[in-house]
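Here's a quick walk through one chain, from its overall fold down to a single pair of charged side chains. Have the viewer open while you read.

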Amino acid sequence: LNSLEGISKKDQQDALDSLVSACGFEAYLAKKFGTVKRFGADGGESLIPALQFIIDEAVELGAHRAVIGMPHRGRLSVLHNVAGKSLERIFHEFDGRSHKDEILGSFDVKYHL
């Protein structure tokens, strides 16, 4: 049984694109912020295209909202690649340039939407 059977070429390309984006994002964070506490995806990058596919399917079935709860590992990739949090906001938070009144969360880590 072919595991790609029934998946269009466009969906396959979209999944590959988001996987490549997630891997590149993780590599950049590791290089640029190597000394900052962060929880990279470390092999869990395949979560990104899978989660995006699940959300896209839910939208097609009529969903208007998604709530995602997850551990810290890989959360930055999900925030950027799935939830659309801008790289500018992520990098500002790492550099300590964001203001607490601009973001929601407890500020214990830099990984909240």
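What follows covers the fold, the nonpolar cores, one helix face and a salt bridge.

**Overall picture.** Keep in mind that this is a predicted model. The chain has four helices and zero strands, so to speak an α-α-α-α pattern when you read along the sequence. Of its 113 residues, 25% count as buried. The exposed surface comes to about 7,800 Å², and carbon and sulfur atoms supply 57% of that. As for how the chain folds back on itself, take the contacts between residues at least 6 apart in sequence: 66% of them join residues at least 24 apart.

**The cores.** Which residues make up the largest nonpolar core? There are seven: Phe25, Leu29, Phe33, Leu76, Ile90, Phe91 and Phe94. Helix H1 (9-32) and helix H4 (87-94) each supply at least two residues of this core, and H4 gives the most, with three. Apart from this core lies another one, of five residues, including Ala22, Ile48, Leu51 and Val82.

Phe25 is a handy residue to click on in the largest core. Leaving aside neighbours within four places in sequence, Phe25 is in contact with Leu76, Ser77, His80, Asn81, Leu87, Ile90 and Phe91. Leu76, Ile90 and Phe91 from that list are also members of the largest core.

**One face of H4.** Now turn to H4, where the buried residues are Ile90, Phe91, Glu93 and Phe94. Looking down the axis of H4, these buried residues fall within an arc of 160°, so they line one face of the helix. What covers them includes H1 and helix H3 (75-81).

**The salt bridge.** How many salt bridges does a search of the whole structure find? Just one turns up. In general, side chains of opposite charge can pair when their charged atoms come close. Here the partners are Lys10 and Asp14, whose closest N and O atoms are 2.7 Å apart. Both residues lie in helix H1, four residues apart, or about one turn of the helix. Their accessibilities look like this:

| Residue | Relative accessible area | Class |
|---|---|---|
| Lys10 | 57% | exposed |
| Asp14 | 35% | partly exposed |

Lys10 counts as exposed because its 57% is over the 50% cut-off. Asp14, at 35%, is partly exposed because that value sits between the 20% and 50% limits.

How values were computed:
Residues numbered from 1 in each chain as written. Predicted model: local features only at pLDDT ≥ 70, side-chain atom pairs only at ≥ 80, totals over all residues. Heavy atoms only, no water. Core = buried A, V, L, I, M, F, W, Y, C linked by side-chain atoms within 4.5 Å. Buried < 20%, exposed > 50% of the residue type's maximum accessible area, 1.4 Å probe, protein only. Contact = heavy atoms within 4.5 Å. Areas by Shrake-Rupley, 256 points an atom, 1.4 Å probe, with all protein chains shown as cover. Arc of directions from axis to C-beta. Salt bridge = Lys/Arg side-chain N within 4 Å of Asp/Glu carboxyl O.
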